[in-house]
Amino acid sequence: DLSWWWFVGLFLVPDVGLLGFLADNMIGSRAYNTTHTLLGPLVLTGVALSVESEVTLALAAIWLFHCGIDRAFGYGLKYPAGPKETHLQVI
């Protein structure tokens, strides 16, 4: 029942973690990795299913899709060395 605008508006929200790199590479890598690990959306999926919330399930799906797309394009979890050093490749 949710509009596609939810998807469009929320798809890039996990990338807010990149702003941590403005402060420090360690802070940036931790912030980015926190918003890009699969644990967050999977826990949110469990919560959504337990309380039977379609909106929460949609948010979890958008977050999980974002993480999957990042991995598909080679953007892995970040190392403290900087935003271009990932567990998949050097960007």
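## The loop before α4

E52 sits in the loop between α3 (39-51) and α4. This is a predicted model. The backbone at E52 has a positive phi of about 55 degrees, although E52 is not a glycine. Most residues other than glycine have a negative phi.

Is E52 buried or exposed? E52 counts as exposed, because its relative accessibility is 71% and the cut-off for exposed is over 50%.

## Helix α4 and a nonpolar surface patch

Helix α4 covers residues 54-72, and L59 lies in it. L59 is partly exposed, because its relative accessible area is 33% and partly exposed residues fall between 20% and 50%.

Which residues join L59 in a nonpolar patch on the surface? The partners are L2, W6 and V55. Together the four residues offer about 320 Å² of accessible area.

## G74, in the loop after α4

G74 lies in the loop between α4 and β1. Strand β1 covers 78-79. G74 counts as buried, because its relative accessibility is 11% and the cut-off for buried is under 20%.

What does G74 touch, leaving aside its neighbours within four places in sequence? The contacts of G74 are T86, L88, Q89 and I91. Take L88 from that list. In sequence, G74 and L88 are 14 residues apart. In space, their C-alpha atoms are 6.2 Å apart.

## The whole chain

The protein has four helices and two strands. From the N terminus on, the order is α-α-α-α-β-β. The C-alpha trace spans about 40 × 25 × 25 Å along its principal axes.

How many of the contacts between residues at least 6 apart in sequence join residues at least 24 apart? The share is 50%.

## Surface and charge

The protein has 91 residues, and buried residues make up 26% of them. G74 is one of the buried residues. The accessible surface of the protein comes to about 5900 Å². Carbon and sulfur atoms account for 70% of that surface.

The protein carries 4 positive and 7 negative charges. The mean position of the positive charges lies 15 Å from the mean position of the negative ones.

Technical notes:
Residues numbered from 1 in each chain as written. Predicted model: local features only at pLDDT ≥ 70, side-chain atom pairs only at ≥ 80, totals over all residues. Heavy atoms only, no water. Patch = residues over 30% accessible without salt bridge, like charges linked within 9 Å, V, L, I, M, F, W, Y side chains within 5 Å. Areas by Shrake-Rupley, 256 points an atom, 1.4 Å probe, with all protein chains shown as cover. Salt bridge = Lys/Arg side-chain N within 4 Å of Asp/Glu carboxyl O. Buried < 20%, exposed > 50% of the residue type's maximum accessible area, 1.4 Å probe, protein only. Contact = heavy atoms within 4.5 Å. Lys, Arg positive; Asp, Glu negative; His and termini not counted. Charge placed at Lys NZ, Arg CZ, Asp CG, Glu CD.
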